[in-house]
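Keep the structure open while you read. The paragraphs below walk through it part by part.

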Amino acid sequence: MHPWVGISDHVRLGVVTRWVTPELVGGVLEKCGVRDKKSGALPAGFMVYFTLALALFQQDSYDDVAEQLVGSDPELSESIPNKSSFTRARRRLGPRVLETLFRELAGPLAPVGLKSAFYRGMRLAAVDGFVLDVPDTTANRAAFGGPVKNGQPAGFPQARVVTLTECGTHAQIDAAVGGFNGGEPELAIKMADSAAGMLVIMDRGFPGVALWKAYTGAGAHLLIRARSSVAARPVEHLPDGTYLARMNLAGQKGAHPGGVLVRVIEYRVDSGEVVRLLTDLVDPIAYPAAELAGIYHSRWEAESAFRQIKTFQRGPAEVLRSGDPDLVRQEVWAHLVVHHCLTQIIIALADDNRIDPDRVSFVKVLKHARRSVVRQCTDTPTKIKEFLVVLAAKVHRKLDNGARRLREADRHLKRPDSKYSSKLSYRINTRDRRPTRRVTAKVITLHPAIVQ
């Protein structure tokens, strides 16, 4: 029997334990039917915290993560199990436990008074997706797929994650995990029931009759960007210059009953390209086109949430550590759980300081959450509260209590496709590596062709 057995049950995940409580972990394990059957093995309860710690300390090895968790306890730190023991314990735990834990915690966090989170009584949410590189094993490539160039694999296999993100807080309301070869709309449809009563914003890769019916059927409202070929024939012109049109399945005629009726809004931003939006909010008086055009750009809050997960929490261009598809899924759900807990800390700090959550540094909160694990100074509810008070005082030094500054960055390739690119190609790829810059407010103008 390993010396950790019976002692490791008392290990906690620092300030994250405020939400991932031992009682919640125990309930999730019971719900998933996961029990400690093997005498002397690493217990499932500890492995939940260890798997979350792997996400919190993504750049560290198994041994280092274990040291972070138990370093303050000499009895545990002197006999850390080897990597294979942790891997076998992760396999016994499986991905369903972490997915269930995420679903127990996930949900909107914005208080009613947060203006950036609501539009005319509807909570604002965005659906979008991102990919995560996973180790290039035969099993991972078969399960997830990956980029292909000239018929050959190009880069790592990739897991695809699609989330329903609250725009005002970056909190994940729901999520779905699939492979690179699967489409984002198919994963998005799985989250329709979680969007009831919300105004959901999506980019132009999502419009489709099946998705539209799934979300509107669940009681959600939609605001989706579309290409010029989608719902292109007006059925009825509205007084404000927008129009009604039918969106149909590919190959259907315009009057096919399987289609859906949508309102089309077209506009330009600073005299740029024409942007087309589709929405089920057809009343031009109750939902003015200019307001909806302005609201659409809240979709970028989902991108900000993805940056927090991919760049800060996981680490830039970092590859996940799991060579097995089930463990990859387990790892992805662990990242989503950790991000949601960190977001809850941000909401609490913002509420205490009466500021917008955007003004609280995610990086600062992430660093302090890691320190709370290393020091194991938050192993009781009272100590967690005391730590949060100290954290609030330290984070306050980094707050900018003013209005959020308007900033933008050019969408150019930041990294060359290959380190062997030609000198000319390399110069083209790198000359636009400029930081974000402050800009003036955007001017939104309804498309003249529609106004007339």
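Phe-50 and Phe-86 are both buried. This is a predicted model, and each of these residues falls under the 20% relative accessible area that defines the term. How many aromatic pairs does a search of the whole structure find? The count is 7. Phe-50 and Phe-86 make up a stacked pair. Their ring centres lie 4.2 Å apart, with 5° between the planes. Phe-50 sits in helix H2 (residues 44-56) and Phe-86 in helix H5, so the pair ties together parts that are 36 residues apart in sequence. Phe-50 and Phe-86 also belong to one aromatic cluster, together with Phe-46 and Tyr-62.

Now follow helix H5 itself. H5 covers residues 83-105. A straight helix of 23 residues would span 33 Å at 1.5 Å a residue. The end C-alpha atoms of H5 span only 29 Å. Where in H5 does a kink lie? Look at Gly-94, where the bend is about 65°. The proline Pro-95 follows shortly after that kink. Then go to the end of the helix. Just after H5, Gly-107 adopts a positive phi of about 150°.

Next, turn to strand S8, residues 221-225. Is S8 largely enclosed or largely open? Of its 5 residues, 4 are buried, so the rest of the structure largely encloses the strand. S8 pairs with strand S7 (residues 198-202) in the parallel sense, over 4 bridges. In this pairing, Ile-201 stands opposite Leu-223 of S8. Helix H8 (residues 209-217) joins S7 and S8 in a β-α-β unit, and the unit is right-handed.

S8 also pairs with strand S12 (residues 274-279). Which way do S8 and S12 run, parallel or antiparallel? They run antiparallel, joined by 3 bridges. Here Arg-225 of S8 is the residue to find, with Leu-277 of S12 opposite. S8 thus has a parallel pairing with S7 and an antiparallel pairing with S12.

Finish with the cysteines. How many disulfides does the structure hold? The number is 0. Cys-167 has a relative accessibility of 3%, so this residue counts as buried. Cys-341 is buried too, with a relative accessible area of 0%.

Technical notes: Residues are numbered from 1 along each chain as its sequence is written. This is a predicted model: local features need pLDDT of at least 70, side-chain atom pairs count only at pLDDT 80 or more; totals for chains, interfaces and linings use all residues. Side-chain values use heavy atoms; hydrogens and water are left out. Buried means under 20% relative accessible area, exposed over 50%, partly exposed in between (1.4 Å probe, protein chains only). Helices (H or I, at least four residues) and strands (E, at least two) are DSSP runs, numbered from the N terminus. Two strands pair if DSSP finds at least two bridges between them. A crossover is right-handed if, with the strands pointing away from the viewer, the path from the first strand over the helix to the second runs clockwise. A disulfide is a pair of cysteine sulfur atoms within 2.5 Å. The expected span of a helix is 1.5 Å times one less than its number of residues. The bend at a residue is the angle between axes fitted to the seven residues ending there and the seven starting there. Rings of Phe, Tyr and Trp (its six-membered ring) pair if their centres lie within 6.5 Å; planes under 30 degrees apart count as stacked, over 60 as edge-to-face and the rest as tilted.
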